[in-house]
Amino acid sequence: QVQLVESGGGVVQPGGSLRLSCAASGGLFSIYAMAWYRQAPGKQRELVAAITSGGTTNYADSVKGRFTISRDNAKKTVYLQMNSLKPEDTAVYYCNNPDTGYWGQGTQVTVSS
């Protein structure tokens with residue numbers, strides 16, 4: 001069984017930065033792809049960024065050039081560095097393991113002046 005625990009959310013002003021972390025326990029983290037999703041109020045959950053076991057990344061068009069996904073296999077942790085944040089980035093951000101289907105509990109990100 002894989003457990004995913006997100007941290008790093010909070011309230012930030014437009015233009016600010018946050019770094020989300022997702023710590024995994026159980027399973028073989030280094031062989032898994034990992035992903036970040038987000039869900040804003042009244043909207044469907046959407047893919048933000050993903051990273052393969054080999055480090056290949058892909059991003060939603062809305063965050064390209066602003067967000068960076070990375071992973072540290074030794075720490076079993078995946079990160080989402082979010083820069084130049086906009087109010088429309090406000091959402092609950094979820095960590096996901098596509099290979100097993102497990103989700104974290106989510107962390108709230110609010111971008112507001």
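The radius of gyration is taken here over C-alpha atoms, and the rule for a globule is 2.2 Å times the number of residues to the power 0.38. For 113 residues, a compact globule would by this rule have a radius of gyration near 13 Å; the protein has 13 Å, which agrees. The structure is a predicted model, in which local features need pLDDT of at least 70 and side-chain atom pairs count only at pLDDT 80 or more, while totals for chains, interfaces and linings use all residues. Residues are numbered from 1 along each chain as its sequence is written, and side-chain values use heavy atoms, with hydrogens and water left out.

The C-alpha trace spans about 40 × 25 × 25 Å along its principal axes. Secondary structure was assigned from DSSP runs numbered from the N terminus, with helices (H or I) of at least four residues and strands (E) of at least two. On this basis the protein contains zero helices and 11 strands, and the order along the sequence is β-β-β-β-β-β-β-β-β-β-β.

Burial was classed by relative accessible area (buried under 20%, exposed over 50%, partly exposed in between; 1.4 Å probe, protein chains only). Of the 113 residues, 42% count as buried. Accessible areas come from the Shrake-Rupley method with a 1.4 Å probe, and for residues only the protein chains shown count as cover. The accessible surface comes to about 5700 Å², and carbon and sulfur atoms hold 48% of this area. Contacts were defined by heavy atoms within 4.5 Å. Among contacts with a separation of 6 or more, 54% join residues 24 or more positions apart.

For the charge count, Lys and Arg were taken as positive and Asp and Glu as negative, without His and the chain ends. Each charge was placed at NZ of Lys, CZ of Arg, CG of Asp or CD of Glu. There are 10 positive and 7 negative side chains, and the centres of the two sets lie 3 Å apart.

Aromatic pairs were assigned to rings of Phe, Tyr and Trp (its six-membered ring) with centres within 6.5 Å; planes under 30 degrees apart count as stacked, over 60 as edge-to-face and the rest as tilted. Two such pairs are present. In the pair of Tyr-37 and Trp-103, the ring centres are 5.0 Å apart and the planes stand at 65 degrees, so the arrangement is edge-to-face. Tyr-37 belongs to strand S4 (residues 34–39) and Trp-103 to strand S10 (residues 102–103), so the pair ties together parts that are 66 residues apart in sequence. Tyr-37 is partly exposed at 21% relative accessible area, as is Trp-103 at 37%. Trp-103 also forms an edge-to-face pair with Tyr-94, at 6.4 Å centre to centre and 85 degrees between the planes. Tyr-94 is buried, with a relative accessible area of 14%. Ring pairs thus link Tyr-37, Tyr-94 and Trp-103 into a cluster.

Arg-45 touches each member of this cluster: beyond residues up to four places away in sequence, its contacts are Tyr-37, Arg-38, Gln-39, Tyr-94 and Trp-103. Arg-45 is located in the loop between S4 and strand S5 (46–51) and is partly exposed at 34% relative accessibility. Its C-alpha atom is separated by 23 Å from that of Gln-13, 32 residues away along the chain.

Phe-67 lies in strand S7 and is buried, at 3% relative accessibility. With neighbours within four places set aside, the contacts of Phe-67 include Arg-38, Val-48, Tyr-59, Leu-80, Met-82 and Tyr-93. The C-alpha atoms of Phe-67 and Arg-19, 48 residues apart along the chain, are separated by 9.4 Å.

Ser-112 is found in the segment after strand S11 (107–111) and is partly exposed at 40%. Outside its neighbours within four places, Ser-112 is in contact with Val-12, Gln-13 and Pro-14. Between Ser-112 and Tyr-59, 53 residues apart along the chain, the C-alpha separation is 23 Å.

Positive phi values occur at two loop residues other than glycine, as follows. Lys-76 has phi near 50 degrees and sits in the loop between strand S7 (67–72) and strand S8 (77–82), where it is partly exposed at 31%. Ser-84 has phi of about 50 degrees; this residue lies in the loop between S8 and strand S9 (91–97) and is partly exposed, with a relative accessible area of 41%.
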